[in-house]
Amino acid sequence: MKKLLFIIVFISYFTVSQAQRAPEINKMEFSEEALAQTIQDFDATVFTIGEVFKKHQGKVILLDIWASWCPDCITGLPELKQLQKQYPQVVYLFFSLDRIGNETAWKNAITKFDIQGEHYWFNSEWKNDFNNYIELNWIPRYLLIDKDGKIAHYYAIKANDPVLLESLKTLVVE
């Protein structure tokens, strides 16, 4: 019994520690397949991610990939709201991974937690062309996109990540 418990604890620890591991390669731009991934807005209008990014060309974007069922996503909102106050000129995009058929939970969470920004929902499985390309392994996941649409900061799981904050500060000053 002790051996079985040890194995379960070891596997659980290994799985969690691997889940939060940053990708080995920091990508600087999105693939065509990632940008072609569809996503829908609050009114159920479907866009490609490329179209969403193009709407904000010339602006700095902070992308937050989250879900209403994710405790880390919800507990991280105060830090994100601090960033929004400090950098109001940044576009804040939220891509939700709420489960298929659970659009109501996504919309209710936006209202309940007063999440300000532009909201989209994948309405698909976790694994899709965009999330596969960015090697999504944990949420929340933050990506910082510069004014040219390039990825300025590829991996952060906290809105107050020091490297993310430094990158944001640099981009906003430019």
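**Close-up views of a predicted model**

**Figure 1. Surroundings of F53 in the predicted model.** F53 touches F30, L35, I61, L63, L93, F95, F130 and I145, with residues up to four places away in sequence left out of the list. The largest nonpolar core of the structure holds 52 residues. F53 is among the residues with the most contacts inside this core, together with I65, F95 and F130. F53 also belongs to an aromatic cluster, in which it is joined by F30, F47, F95, Y120, F122 and F130.

**Figure 2. The stacked pair of F30 and F130.** The structure has 10 aromatic pairs. In one of them, the ring centres of F30 and F130 are 5.5 Å apart and the planes meet at 25 degrees, so the pair counts as stacked; the limit for stacking is an angle under 30 degrees. F30 comes from the loop between α1 (2-19) and α2 (32-36), whereas F130 is part of helix α7 (residues 129-133). These positions are 100 residues apart in sequence, so the pair ties together distant parts of the chain. F30 and F130 are both buried.

**Figure 3. The edge-to-face pair of F95 and Y120.** The centres of these two rings lie 5.9 Å apart, with 85 degrees between the planes. F95 is in strand β4 (residues 91-96) and Y120 in strand β5 (residues 118-121), so that the pair links parts of the chain 25 residues apart. F95 has a relative accessibility of 0% and therefore counts as buried. Y120 is buried as well, because its relative accessibility is 2% and the limit for a buried residue is under 20%. Both residues are members of the aromatic cluster that also includes F47 and F122.

**Figure 4. Lysines over aromatic rings.** The charged end of K27 sits over the ring of Y133, at 4.1 Å from the ring centre. K55 lies over the face of F47, and here the distance to the ring centre is 5.4 Å. F47 is itself part of the aromatic cluster, along with F53 and others.

**Figure 5. Cysteines C70 and C73.** C70 is buried, with 4% relative accessible area. C73 is likewise buried, and its relative accessible area is 3%. The structure holds 0 disulfides. A disulfide would require two cysteine sulfur atoms within 2.5 Å.

**Figure 6. The cis peptide bond and E135 in the loop between α7 and β6.** Most peptide bonds are trans. The bond that joins I139 and P140 is cis, with omega at about 5 degrees. P140 lies in the loop that runs between α7 and β6 (141-145). E135 is found in the loop between α7 and β6 as well. The phi of E135 is near 55 degrees, a positive value in a residue other than glycine. With a relative accessible area of 33%, E135 is partly exposed.

**Figure 7. Positive phi at A44.** Most residues other than glycine have a negative phi. For A44, phi is positive, near 70 degrees. A44 is placed in the loop between β1 (38-41) and β2 (46-48). Its relative accessibility is 42%, so A44 counts as partly exposed; this class lies between the 20% limit for buried residues and the 50% limit for exposed ones.

Note on methods
Residues numbered from 1 in each chain as written. Predicted model: local features only at pLDDT ≥ 70, side-chain atom pairs only at ≥ 80, totals over all residues. Heavy atoms only, no water. Buried < 20%, exposed > 50% of the residue type's maximum accessible area, 1.4 Å probe, protein only. Phe/Tyr/Trp six-rings, centres within 6.5 Å; stacked < 30°, edge-to-face > 60°. Helix = DSSP H or I, 4+ residues; strand = E, 2+ residues; numbered from the N terminus. Lys NZ or Arg CZ within 6 Å of the ring centre and 35° of its normal. Core = buried A, V, L, I, M, F, W, Y, C linked by side-chain atoms within 4.5 Å. Contact = heavy atoms within 4.5 Å.
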